[in-house]
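Hi,

Here is the structure I promised to pass on. Have a look at it first, and then read on for my notes.

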Amino acid sequence: MMSETGEPCPPPGAPAIRVVAMPADANPYGDIFGGWLMSMMDLAAGSIASRHSRGRAVTIAVEAMQFHLPVSVGDEVSVYASLVRTGRTSMTIEVEAWRRHRHEETMRKVTEARFTFVAIDAERMPRPIPPLAGAGA
């Protein structure tokens, strides 16, 4: 999505997660650890997966994660997630992370990835899930 000025803008709607990056999440230079950011994205995707599957769901894969820009201590990080595909027991969720410097309004995409989750039952075995709305199944 692009703004009127031609700048990329975040997906429509509210983020699944919004958090401020803190010093404990950073290296000695003040750059946020990639693993911390990935965990925020996994939490956001997991929320979508659990809601859609109406129960427990686990991450089984993460595809195509590339970091475009750094995140610094004090940046507000907004993570957007959307369900894009369902299988019999699996869900594919596209996730984008955007940062906003503390005293600015401009948001910049820092990374995106595709997460795959599988719904599981009480015995931790895959279980069927509802189809994606509008998928015709």
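A word on terms before the notes: a polar contact here is a pair of N or O atoms within 3.5 Å, where within protein one must be able to donate a hydrogen and the other to accept it, and residues adjacent in sequence count only if both atoms are side-chain atoms. Please keep in mind that this is a predicted model, in which local features need pLDDT of at least 70 and side-chain atom pairs count only at pLDDT 80 or more, while totals for chains, interfaces and linings use all residues. Residues are numbered from 1 along each chain as its sequence is written, and side-chain values use heavy atoms, with hydrogens and water left out.

First, the overall layout. The protein chain has one helix and five strands (DSSP runs numbered from the N terminus: H or I of at least four residues for helices, E of at least two for strands). Their order from the N terminus is β-α-β-β-β-β. Along the principal axes, the C-alpha atoms fill a box of roughly 45 × 35 × 20 Å. Of the 137 residues, 37% count as buried (under 20% relative accessible area; exposed is over 50% and partly exposed in between, with a 1.4 Å probe and protein chains only). Among contacts (heavy atoms within 4.5 Å) with a separation of 6 or more, 68% are between residues 24 or more positions apart.

Now to strand 3, residues 76-86, where S78 sits. S78 is buried, because its relative accessible area is 0%. Its side chain makes a polar contact of 3.0 Å with that of R18. Leaving out residues up to four places away in sequence, S78 touches P15, I17, R18, E96, A97, W98 and M107. E76 is also found in strand 3, and E76 counts as buried because its relative accessibility is 18%. Beyond four places in sequence, the contacts of E76 are R18, V19, V20, W98, R99 and R100.

What about the largest nonpolar core (buried Ala, Val, Leu, Ile, Met, Phe, Trp, Tyr and Cys residues joined through side-chain atoms within 4.5 Å)? It has 27 residues, of which L37, M41, V79, M91, I93 and F117 touch the most other members. Helix 1 (34-53), strand 3, strand 4 and strand 5 each give two or more residues to this core, and helix 1 gives the most, with eight. F117 has contacts beyond four places in sequence that include D42, A45, A49, V58, I60, M91 and I93.

I60 lies in strand 2, residues 57-67. I60 is exposed, because its relative accessible area is 53%. Outside four places in sequence, I60 touches T116, F117 and V118. The C-alpha atoms of I60 and S90 are separated by 9.2 Å, with these positions 30 residues apart along the chain counted as their spacing.

Last, the largest pocket (on a 1 Å grid over the protein atoms alone, an open set of points where a 1.4 Å probe fits, with protein on both sides within 12 Å along at least five of seven lines; lining residues have an atom within 4 Å of a point). The largest pocket is lined by 16 residues, and Y80, S82, E94, V95 and E96 lie nearest its centre. Strand 3, strand 4 (90-100) and strand 5 (107-119) each give two or more residues to this lining. Strand 5 has the largest share, four residues.

Happy to talk it through whenever suits you.
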